[in-house]
Structure formats: C-alpha cells, structure tokens
Amino acid sequence: MISLFEIFDKENLYLNNQFTIIDPRDFAEFIPQIRNVKHIKKAINKDNISELLKDVDSNSIIVDLSVNVDFLPLALFAISRKSMYVNTSLEDWTEYRVPNK
C-alpha cells in the first residue's frame, strides 16, 4: 500500500481521484494526508458489496487489500461504475473454495 502511494505521489498521478481501500486492518498512519481516501474496514461479501461501495464512481480507484474476497464481483462492480480497480490477490469467496484432495 505504501509503495502504491509513493509511486503516485512521485509521479503526481491520480491526485484528484477518490481512493476506496478495502481492508479490515487499520493502517491510517501509512496513508498520505494529501490523498482523498475512504477506508472500508469491513469484510466485503456478496451481500454487502453494493452498500459498502455505493460511493464509487468513475473518479474512484478501488484498492482491494483484503483476503477471502472474490475478485470477480469486485472487478465487475468497478467496471459497472467505470472505476479503476487494483487487487493484491485473486481469490474466491471462502464458501466457494474446492478443498484440496
């Protein structure tokens, strides 16, 4: 997360965008104060995705740092809102996982 903002700050990229960061952990001290950041500290699931991301629009960048969240619904949601989307891992919802045999 820190490296992402360091690159953006150095290159003066996306200064006017709203960042929506999905991660239940608290990391406020790592977010530069010059950025417009909304931090969602709840686990996103198929039942609350629309409510938690209701403010996302074409000026938003969704940064998904969470785990056990299906990337496809989030990616499709971002596309529907014409938002950019960054994911740190590609996973499925926990209940859809097929156990290793």
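Is Asp 23 buried or exposed, and at what relative accessibility? Let's work through that and a few more exercises on this predicted model.

**Exercise 1. Place Asp 23 and describe its surroundings.**

Step 1: Find the segment. Asp 23 sits in the loop that runs between strand 1 and strand 2, the latter spanning residues 36-40.

Step 2: Check the accessibility. The value for Asp 23 is 2%. Buried means under 20% relative accessible area, so Asp 23 counts as buried.

Step 3: List the partners. Once residues up to four places away in sequence are set aside, Asp 23 touches His 39, Ile 40, Lys 41 and Leu 65.

**Exercise 2. Follow Leu 65, one of the residues touched by Asp 23.**

Step 1: Locate Leu 65. Its loop lies between strand 3 (60-64) and helix 3.

Step 2: Judge its exposure. Leu 65 has 15% relative accessibility and therefore counts as buried.

Step 3: Compare sequence with space. Leu 65 and Ile 21 are separated by 44 residues in sequence, while their C-alpha atoms are 7.1 Å apart.

**Exercise 3. Which side chain makes a polar contact of 3.0 Å with the side chain of Gln 18?**

Step 1: Start with the element. Gln 18 belongs to strand 1, residues 18-22.

Step 2: Consider its cover. With 18% relative accessibility, Gln 18 counts as buried; the cut-off is under 20%.

Step 3: Collect the contacts. Leaving out neighbours within four places in sequence, Gln 18 is in contact with Asn 36, Val 37 and Lys 38, and also with Asn 59, Ser 60 and Ile 61.

Step 4: Pick out the polar partner. The side chain of Asn 36 joins that of Gln 18 at 3.0 Å.

**Exercise 4. Describe the backbone and setting of Lys 82.**

Step 1: Look at phi. Lys 82 is not a glycine, yet its phi is positive, at about 60 degrees.

Step 2: Place the residue. Lys 82 is found in the loop between helix 3 (71-80) and strand 4 (84-87).

Step 3: Classify its exposure. Exposed means over 50%, and at 65% relative accessibility Lys 82 counts as exposed.

**Exercise 5. Which residues make the nonpolar surface patch of about 230 Å²?**

Step 1: Name the members. The patch is made by Leu 13, Tyr 14 and Met 84.

Step 2: Take a closer look at Met 84. This residue lies in strand 4. Its relative accessible area is 35%, so Met 84 is partly exposed.

Key:
Residues numbered from 1 in each chain as written. Predicted model: local features only at pLDDT ≥ 70, side-chain atom pairs only at ≥ 80, totals over all residues. Heavy atoms only, no water. Helix = DSSP H or I, 4+ residues; strand = E, 2+ residues; numbered from the N terminus. Buried < 20%, exposed > 50% of the residue type's maximum accessible area, 1.4 Å probe, protein only. Polar contact = N/O pair within 3.5 Å; in protein donor to acceptor, adjacent residues only side chain to side chain. Contact = heavy atoms within 4.5 Å. Patch = residues over 30% accessible without salt bridge, like charges linked within 9 Å, V, L, I, M, F, W, Y side chains within 5 Å. Areas by Shrake-Rupley, 256 points an atom, 1.4 Å probe, with all protein chains shown as cover. Salt bridge = Lys/Arg side-chain N within 4 Å of Asp/Glu carboxyl O.
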